[in-house]
Amino acid sequence: MNTDQWRAGIAHPTKVILLFFLAAVGTSASPSTSAFASDGLEETLRNRVFLMLEIAKKEAYPNEMIPLKVRLFVKDLSLKEVQQPRLSHEGFSMQEFENPLEKKETVNGVTFDVLEFQTTLFGTKTGKWTLGPAELQCTLLAREGRSPSSDDYFGAYETRSLNLRSEETLLTVKPFPKKGRPADFRGAVGNFDLAVEVLPEEAEAGDPVLLRMSVQGRGNFDTVTSPGIVVEGDFKVYEPHAIQKKNQKIYEQVLRPLKDTARAISMVSFSFYDPEKKAYRTIRKGPIPIKVAPPHREEIQKNASMSLLSGEPGREIATVKGSPGRLKRKGVYLYKERGFLLLQLLPLLLWIPFFLFHRHQEKMRTDARYAGQRRASRRAEKGLREMNRLFTEAGSVEFYDSVYGMLKGYLGDRFQIPSGDMTAERVDEVLMAEGVNEEVRETLKEILERCDLVRYGASESGEAERAKTLELIKGMLHHLERQRL
Amino acid sequence: MGQGYPLLKKIVGLLLLLFFQIACSNPGRTGEGRDIFRQALLFYEKGQFDEAASQYVLLLDQGFESGPLYYNLGNCFFKKGALGRAILNYERAKKVVPPDRDLLANYEYTKSLVRGDPEPARAWHQGSVDRLFQWTSVDGLALLLSGIYTLLLLISIASWYIQAARRYWIHFLIILTVIFVLASISLHHRISLQGKEAIIIADTAEAKFQPFDRAPAHFIAREGMKVKVLSLKEEWAKIERSDKKVGWIRKSKIEVI
């Protein structure tokens, strides 16, 4: 058998043993045709599935970590629902099994599939102890109706629960040797190193300093306790605080020098038993000096008290204020005040009209169409006022001159028609293109024709007609001003 | 504004009313508050610092506060030798009013008498921004932001109508925007710390790993040390020192600024 030589030395496997219990589980097969017909089954399984318990050593000291393996050997069988092994381990503290490793291994020329479960344990009491047996439950699969003697005996479809059991093994936990045992030995076993630091290295009396002690190496960290410390001078020593990491345990301990006579941490020591060297070891660090200054505060307070008692001013603070200033409600801040927040709208509200006016000016400057529309509106307003005046004060020619002039200017600005191009046909064409409805266009044509007739003396115009023209113009302008072009 | 904007007129009117209400709301003008303050001054002049402090506390208990009130109370505690409480009240004064020379001098001096806080572990940019605006209070920062915002709007108007302003508009815009952003960060930081900063008022206090008396000590918090309160649990407060060390301390040993 290819026995591994692992971690802590040569392994000590138990003898190969197979104890199994068969029970039909949920099968409808008749006994005569069942793949698990009991005839010859035990013999068939004996060399094809078995469990081994292996420990790395037969003798150990208390708290010494001992690697342990439980290995399941399988040859040409289908197993499922393989459980974690169970192990009787009275007198030992054992960790959980890790996830199993899958391997292939040859035993007596036969290659097996091996499922290997690993863990570590350590003895908690001295004496001779029986470890095991390891037990493992799994389910065996086999095909129905096959001959048990054939190589293809187990195929699929029928299940049997198997309870595999290894042999027991003996393990002796020896007491720690009395010879050479350090006084501060508290059961730590392994091979460790110790690192110590103090933060800060300079302090005032009364200030805390932190002593950080880091134990690292290999071994049982569950049994590593805080290193012992010896201090020189007046220190108040607080309980340490442990931080467990992988292969490292850190103890942080606060010390407070009470007076400036506190000088140093004389020694930090940690003792353990090294099972490989079979000897105790003590690591000592120190002395670690700490510069402790007298308490600053105390001195100043003493001086201050003396100066106050003696009436001497000494170093005085600035005097009190004679006025309470602006008393306000406690906890009230401007950023929480609704009034203040609303007030922030005021500049914005003042800014908006300026912005709109600025935008208007910019558009007047850069947008010819917009500017023309605005000019046309003003021109229409002014022209209507003028026409109203001429309607009562002047004759029909002046009135229609004014109407024509206003319309020409209005249409030119509103629809960007050059004055040289201002004919009735052209105006009608542009207005149609701009989507002005036919009724309005007809009204405009009528007004312009009336203007031509009166201005060039072909016709007279009475007051009623002028009034009608004025109404038509108002209606048309109203329509055009409302129409979004 | 003309006749065409009645709603705008109403809103502006309302805002102006609010402004005057805020500006004129000064309960300190009430005689009672002044009398208590005056009484406290008399006690202080006679060296009766306990009585003076009681008068200031009485005024605070009535729900009022002001920079000079906290400052004077800080002075009383200083004279009594309670440096932690003195620093606490100077800190409170700094929150309420822009610190003047007296306040800064007394604060710095008192801080120098106690052991300083450990080296802060905050981000450099946050420290720089806070230092930039340490001359002003929370309200001062709010007013500064409001002023910059108004100024930005005014400058934008000026840039539309005044040729010279148009030339320098972009420079003003950049400078004011940078100041605005930094002041906003500082104000936000201060607001986020409201009610979360505390001063150690006991002579020394053990900060422990867990919130119970027998828990191992982690560090010693000294009087006057400023800490951040992370959470509360019964009689214990979880605090963070400026070097980011965290521990549990009895609530009675600290007072929130």
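**Close-up views of salt bridges in chain A**

**Figure 1. A:R71 and A:E54 pair in a salt bridge, their closest N and O atoms lying 3.0 Å apart.** This is a predicted model, so please read each view with that in mind. A:R71 belongs to strand β7 (residues 66–74) of chain A, while A:E54 belongs to strand β5 (residues 49–55) of chain A, so the pair ties together parts that are 17 residues apart in sequence. Both A:R71 and A:E54 are buried.

**Figure 2. A:K75 and A:D76 form a salt bridge.** Here the closest N and O atoms are 3.5 Å apart. Take a look at the surroundings of each partner: A:D76 is exposed, with a relative accessible area of 54%, whereas A:K75 is partly exposed, with a relative accessible area of 25%.

**Figure 3. A salt bridge joins A:E386 and A:R389 in a helix.** The N to O distance is 2.7 Å. The two residues are 3 apart in helix α5 (residues 368–393) of chain A, so about one helical turn separates A:E386 from A:R389. A:E386 is partly exposed at 33% relative accessibility, and A:R389 is partly exposed at 38%.

**Figure 4. Salt bridges that share partners build one network.** Its members are A:E54, A:K69, A:R71, A:K103, A:E105 and A:E116. You will recognise A:R71 and A:E54 here as the buried pair from the opening view. For the wider setting, a search of the whole structure finds 42 salt bridges over all chains.

Note on methods:
Residues numbered from 1 in each chain as written. Chains lettered and ligands numbered in written order. Predicted model: local features only at pLDDT ≥ 70, side-chain atom pairs only at ≥ 80, totals over all residues. Heavy atoms only, no water. Salt bridge = Lys/Arg side-chain N within 4 Å of Asp/Glu carboxyl O. Helix = DSSP H or I, 4+ residues; strand = E, 2+ residues; numbered from the N terminus. Buried < 20%, exposed > 50% of the residue type's maximum accessible area, 1.4 Å probe, protein only.
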